[in-house]
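User: Could you take a close look at one part of this protein for me, and put it in the setting of the whole chain? Here is what I have.

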Amino acid sequence: MGQVETYGDQLFALGFELTPDYSTIFQPEGEWNSGSLFEINFATDASILGTGIPTRVNPNSNGGGGFIQARDGLRNEYELNDPRLNATLFFKDAPYGTDWYVRKYSWAPYTRYDKPTIGGNNNSANNVRIIRLADAYLMYAEAIYNSDPGKAIEYVNKVRTRARGNELPSVVPDLPPTLSGGPLLDAIYHERRVELAGEGHRFHDLVRTGRAAALLTQYGFVEGKHEVVPIPVEQITLSEGVLLQNPNY
């Protein structure tokens, strides 16, 4: 965890800032925003596009449909009136369903009308956001929550302050300055879940923090196996014994 703190201090000294409006991060105007640390650029020339990036994630009433359904646990994780809910999930309306779907997620961003489609409805020139400053703030807070809880709270509150935007402080309120230990760590876990929902971090967070078995076994997760993926058999063969299959595959 010491390296996280060291590199975090170096990163934060570079002058990155959280973009003020969370809802714009995954929109065209949010490409390479002030809080974007790393993105994958996508071409605007249809002749050189490869695999399409779907752009039709939107309520049916707006000409779209849902591809990744959100569980009730995620929907219910959001605090009342947290603006990030509607920026992250949308409700798929009748006649095709009445469930919550992910609006922004790692490989199929973000909404139908973000940018003009390039080469068809299944393609978009919208960049994929890979590492954001808010993610770095929360990693930093997690690394120091035990050694410097006050500073950890400071960085979590940076994320929460941006989340509520122009709303009253009672909407996504700051963490109390006396929070520490397990309750503070749980608050950091909560913040990662709602801030980064749909961006591909959740599973890895659960594995690295040892919570995967408790939360995912009911969905088929096998402890000691599914923390990693299997190595393709053909690659093991080509390696002539250098590569060994991961356990339990």
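How many helices and strands does the protein chain have, and where does isoleucine 131 sit?

Analyst: Quick caveats before the tour. This is a predicted model, where local features need pLDDT of at least 70, side-chain atom pairs count only at pLDDT 80 or more, and totals for chains, interfaces and linings use all residues. Residues are numbered from 1 along each chain as its sequence is written, and side-chain values use heavy atoms, with hydrogens and water left out.

The protein chain has 9 helices and 4 strands (DSSP runs numbered from the N terminus: H or I of at least four residues for helices, E of at least two for strands). From the N terminus, the order is α-β-α-α-β-β-β-α-α-α-α-α-α.

Isoleucine 131 lies in strand S4, residues 128–132. Its relative accessible area is 34%, so isoleucine 131 counts as partly exposed (buried is under 20%, exposed over 50%, partly exposed in between, with a 1.4 Å probe and protein chains only). Across the protein chain, 41% of the 249 residues are buried.

Ile131 also joins Trp32 and Phe38 in a nonpolar surface patch of about 290 Å². Patch residues have over 30% relative accessible area and no salt bridge, with nonpolar side chains (Val, Leu, Ile, Met, Phe, Trp, Tyr) joined within 5 Å and like charges within 9 Å; a salt bridge puts a side-chain nitrogen of Lys or Arg within 4 Å of a carboxyl oxygen of Asp or Glu. Areas come from the Shrake-Rupley method with a 1.4 Å probe, and for residues only the protein chains shown count as cover.

As for confidence, mean pLDDT (the predictor's confidence in each residue, from 0 to 100) is 84 for the protein chain, with 79% of residues at 70 or more. Residues 50–55 fall below 50, yet this stretch has 23 contacts beyond near neighbours in sequence in the model (heavy atoms within 4.5 Å). Where pLDDT is low, don't read the predicted coordinates in detail.
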